[in-house]
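User: I would like to go through this model by question and answer, with the reasoning behind each reply set out.

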Amino acid sequence: MRCPKCGCSDDKVIDSRSIKEGYGVRRRRECIRCAYRFTTLESISPEELKVVKRDGTREDFDLAKLRSGIDRACYKRNVSSAEIDHMAGEISSSIQQDFDKEVPSSEIGNRVMTALRKVDEVAFVRFASVYRKFTDAADFIEEIRELKK
């Protein structure tokens, strides 16, 4: 690990904590040369898990992309960054447990919608509008009716 301030590769670990329910480690480090303190995050990378898109193309599963989609749906809503991280982590963990090599993008979308429905209805409708490709206001009205049932 290189110090973000001076670029030195010598550091010492001051503190380590488990994160993501044991699937990652947060380490507090201190640079030996300049004494700058910084945090690193270490997590398990899903091996060979591919997302099968609607058009049949495949791409690597990306937790950052998953989190970004949830974050966009929750924009200017009363949903904390910690809640977004928790949702993304839970969805990622469940997908990795349920799928070995490939996961359909529709499965990821359905799990995101389920999680958002529990947290914030507006964020749910925002995500659904993109995921289900709403074309007009009638699509929004129908989704809201379904949500209220």
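User: Are helix 1 and helix 4 parallel, antiparallel, perpendicular or oblique to each other?

Analyst: In this predicted model, the axes of helix 1 (residues 63-73) and helix 4 (residues 121-131) come within 8 Å and cross at roughly 120°. Angles of 65 to 115 degrees count as roughly perpendicular and those over 145 as roughly antiparallel. The crossing of helix 1 and helix 4 belongs to neither class, and the two helices are therefore oblique.

User: How many nonpolar, polar and charged residues does the contact of helix 1 with helix 4 have?

Analyst: From helix 1, Gly 69, Arg 72 and Ala 73 take part, and they meet Ala 123, Arg 126 and Phe 127 of helix 4. Since Gly counts as polar, the contact divides by class into 3 nonpolar, 1 polar and 2 charged residues.

User: Is Ser 92 buried or exposed?

Analyst: Ser 92 is part of helix 2 (residues 81-98), and, leaving aside residues up to four places away in sequence, it touches Phe 61, Leu 63 and Leu 66. Its side chain also makes a polar contact of 2.9 Å with the side chain of Gln 96. Because the relative accessibility of Ser 92 is 5%, where under 20% is the criterion, Ser 92 counts as buried.

User: Which residue in strand 2 does Asp 15 stand opposite?

Analyst: Strand 1 (residues 11-19) and strand 2 (residues 24-31) run antiparallel and are joined by 8 bridges. They form a hairpin with 4 residues between them, and in the turn Lys 20 has a positive phi of about 55°. Across this pairing, the strand 2 residue opposite Asp 15 is Arg 28.

Conventions
Residues numbered from 1 in each chain as written. Predicted model: local features only at pLDDT ≥ 70, side-chain atom pairs only at ≥ 80, totals over all residues. Heavy atoms only, no water. Axes fitted to C-alpha atoms, helices over the stretch in contact; angles between N-to-C directions. Parallel < 35°, antiparallel > 145°, perpendicular 65-115°, else oblique. Contact = heavy atoms within 4.5 Å. Buried < 20%, exposed > 50% of the residue type's maximum accessible area, 1.4 Å probe, protein only. Polar contact = N/O pair within 3.5 Å; in protein donor to acceptor, adjacent residues only side chain to side chain. Pairing = 2+ DSSP bridges.
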